[in-house]
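Trainee: I should like to understand the reasoning behind the terms used for a structure such as this one. May I ask about them in turn?

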Amino acid sequence: MDVLRIEGPVRLSGQVPVNGSKNAALPIMASALLAEGQSSLIGVPDLSDVRVFVELLKHLGCRVERNDQGHMLIDSTVVDNPVGEYEIVRKMRASICILGPLLARCGRAEVSMPGGCAIGDRPINLHVRGLRELGAKIHLKNGYVIAEAPDGLTGASIFLGGSFGSTVLGTANVMMAATLAKGRTMIESAACEPEIADLAHCLNAMGARISGIGSPRLVIEGVSQLHPVEYTVIPDRIEAGTFMVAAAITGGELELINCRLDDMMAVVDRFRSIGVAVEKAGSGCAVARTGPIKPAEITTQPYPGFPTDLQAQFMALLALAEGNSVVIEKIFPDRFMHVAELNRMAADLRKEGPAVVVAGVEKLVAAPVMASDLRASAALVLAGMAAEGTTVINRVYHIDRGYEQIEKRLNPLGAKIYRENA
Ligand code: EPU
C-alpha cells in the first residue's frame, strides 16, 4: 500500500490550476442517466471516486470513456440493469445519487444502502422521503433500497430539511427525479451548494425546467424527456481551499488559476480574519501569508456557511495560530478523526463534543500518521509540509479519492512529497 513521505518545513510559491469539482462531477455524471444518447462532460477530474462512479454507470448499461481532449463521454442509450450493487456502492457513498435518475428513467431502481463511514452515520432518510413524495414506492430488502414508480412520478411540494439542515445529495436525487415527473415540484430547504447549482444548470442544458437555482426553494416543471448535453463542470472549491491553506500554513504565496472566489466567501472571510491575504487575480485568486496566524472561531454550516469539507484542513492551520481557536462541526458532528493524528504531530487539540479547542503551538513536529478519510488526509499533508522533519502518511488511498496526484501538484510549488510503496 502506498505511503506519502513529506519533508518539512517548506514554503510554497507559484501558480496552480484548480481541477473540476468532484462533488459537482459525480451527480452530473448520474444526470446523464436521464437522457438517452451520448453526453460529453468537460473538466471531470481523474480521481478514484470518479473511476468508481464510471464502474457503477457501466454496470447499469452505459458506455463511458475519456476522449483525446480529456472529455468524459457517457453513452446512456442503454440502461438495462438499474441496480447499484453493494460491491460498488460500499466503496463510495455518492453512488446513492443514481437512485433518483434511475427511478425517473426506468420506473424502478435497486441501490445498495450505503453504510456509514469515518465521518459519521450518513443516513438517507431524506432522499427516501423526497422520492416517496414524488409517488415512488420504496422499501428495504437485503440491504438494498428498492424504489418503484411503474406509472412515472408526479410533482409535489417537498420539505427536504433534516436535523442537520439541507442535504446535498438528497437534493440532487429528488431534483433529478423531478425533472421527468408529471407537473410541478417544489423543493423547500433545498441544498444551495454551488455543486447543486451546477447540477441544476446542467439539467437545464439538457432541457429541464428548474428555477430558483442556488436558493433554498427549487421549482421544477416536469418535462417529458431530456436530451444529452455537452457541459463543463465548475472548479473544485474544496481543492481550491486546500491549496489556499497550503499557501497559508507554509507562509508562502500561491496563485490559483480557475477558482471561483464568489463560491468561497465564508472561507475567504475566515482567511482574512486570521491574517491571510486572498485577492481576486485573473481567472482565480492570489493567496499569501507574511505575518503570524491569528486564532479564529469556525463553525461549519450548509452553504453559504463554512464548508465541513475544509474543516480538517483549517484545523491544521489554526494549530499554528498565536492563541486559542474553536472549531465547531455542525454538519457531521463526529468528523474529527484528524484530531488525534494532528496531536501526534505536536498540535494541541482538545475535542469537546462537536467542537475542538485548538491551542496554537509554535511548531508542528513530523510523525508517522494514519489517513482516515479524504479531508482528514488532506489536513495531514498540509501539516506535514509545515512540520519539522519527515512525516509519513499511511493509507493514502483516501487522499486519491478527492485530489488528483497531490504530490505532482504541490511539488512544483516547493513541496517535498514522495509517494512510496510500503
Ligand atoms: N442527512 C440526514 N438524512 C439524509 C441525508 C443527510 O440526516 O437523508 C444529514 C447527514 O447525516 C449530515 C447532513 O444531513 O449530518 C448533511 O449531509 P448531506 O446529505 O448534505 O451530505 P452528502 O450529500 O452525503 C455531500 C458531499 C460531502 C460533504 C457533504 C456536506 C458529495 C459526493 N459529498 O455529502 O463531501 O461533506 O455533502 O457538504 O457531494 C467530501 O467531499 O469529502 C465529502 C464528504
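Mentor: Let us begin with contacts, bearing in mind that this is a predicted model. Among the contacts in the protein chain with a separation of 6 or more, 73% join residues 24 or more positions apart.

Trainee: How many helices and strands does the protein chain have, and what makes it as compact as a globular protein of its length?

Mentor: The protein chain has 14 helices and 24 strands. Its radius of gyration is 21 Å, and the globule rule gives 22 Å for 422 residues; the two values are close, so the chain is as compact as a globular protein of that length. Along its principal axes, the C-alpha trace spans about 65 × 45 × 45 Å.

Trainee: What share of the residues counts as buried, and what area does the protein chain expose?

Mentor: Of the 422 residues, 57% count as buried. The exposed area of the protein chain is about 16,100 Å², and carbon and sulfur atoms supply 50% of it.

Trainee: Why is Ala197 called buried?

Mentor: The term requires a relative accessible area under 20%. Ala197 has a relative accessible area of 14%, and therefore it is buried. Its place is in helix 7, residues 194–205.

Trainee: Which residues is Ala197 in contact with, leaving aside its neighbours within four places in sequence?

Mentor: With those neighbours left aside, Ala197 is in contact with Ile213 and Gly214. As for Ser215, it lies 18 residues from Ala197 in sequence, with 8.6 Å from C-alpha to C-alpha.

Trainee: Which residues of helix 9 are buried, and what covers them?

Mentor: Helix 9 comprises residues 265–273, and its buried residues are Ala266, Val267, Val268 and Phe271. Their cover includes helix 8 (237–249), strand 16 (277–281) and helix 10 (311–318). Just after helix 9, Gly275 takes a positive phi of about 95 degrees.

Trainee: Which residues line the second largest pocket, and how do you know their classes?

Mentor: The lining consists of Leu34, Ala35, Glu36, Ala104, Arg105, Leu180, Ser224, Gln225 and Leu226. Leu and Ala count as nonpolar, Glu and Arg as charged, and Ser and Gln fall among the others, which count as polar. The lining of the second largest pocket therefore has 5 nonpolar, 2 polar and 2 charged residues.

Trainee: What volume does the second largest pocket have?

Mentor: The volume of the second largest pocket is about 160 Å³.

Note on methods:
Residues are numbered from 1 along each chain as its sequence is written. This is a predicted model: local features need pLDDT of at least 70, side-chain atom pairs count only at pLDDT 80 or more; totals for chains, interfaces and linings use all residues. Side-chain values use heavy atoms; hydrogens and water are left out. On a 1 Å grid over the protein atoms alone, a cavity is a set of points where a 1.4 Å probe fits but cannot get out, and a pocket is an open set with protein on both sides within 12 Å along at least five of seven lines; lining residues have an atom within 4 Å of a point. Grid points are joined across faces, edges and corners, and a volume is the space filled by probe spheres set on the points. Helices (H or I, at least four residues) and strands (E, at least two) are DSSP runs, numbered from the N terminus. The radius of gyration is taken over C-alpha atoms; the globule rule is 2.2 Å times the number of residues to the power 0.38. Buried means under 20% relative accessible area, exposed over 50%, partly exposed in between (1.4 Å probe, protein chains only). Contact means heavy atoms within 4.5 Å. Accessible areas come from the Shrake-Rupley method with a 1.4 Å probe; for residues, only the protein chains shown count as cover.
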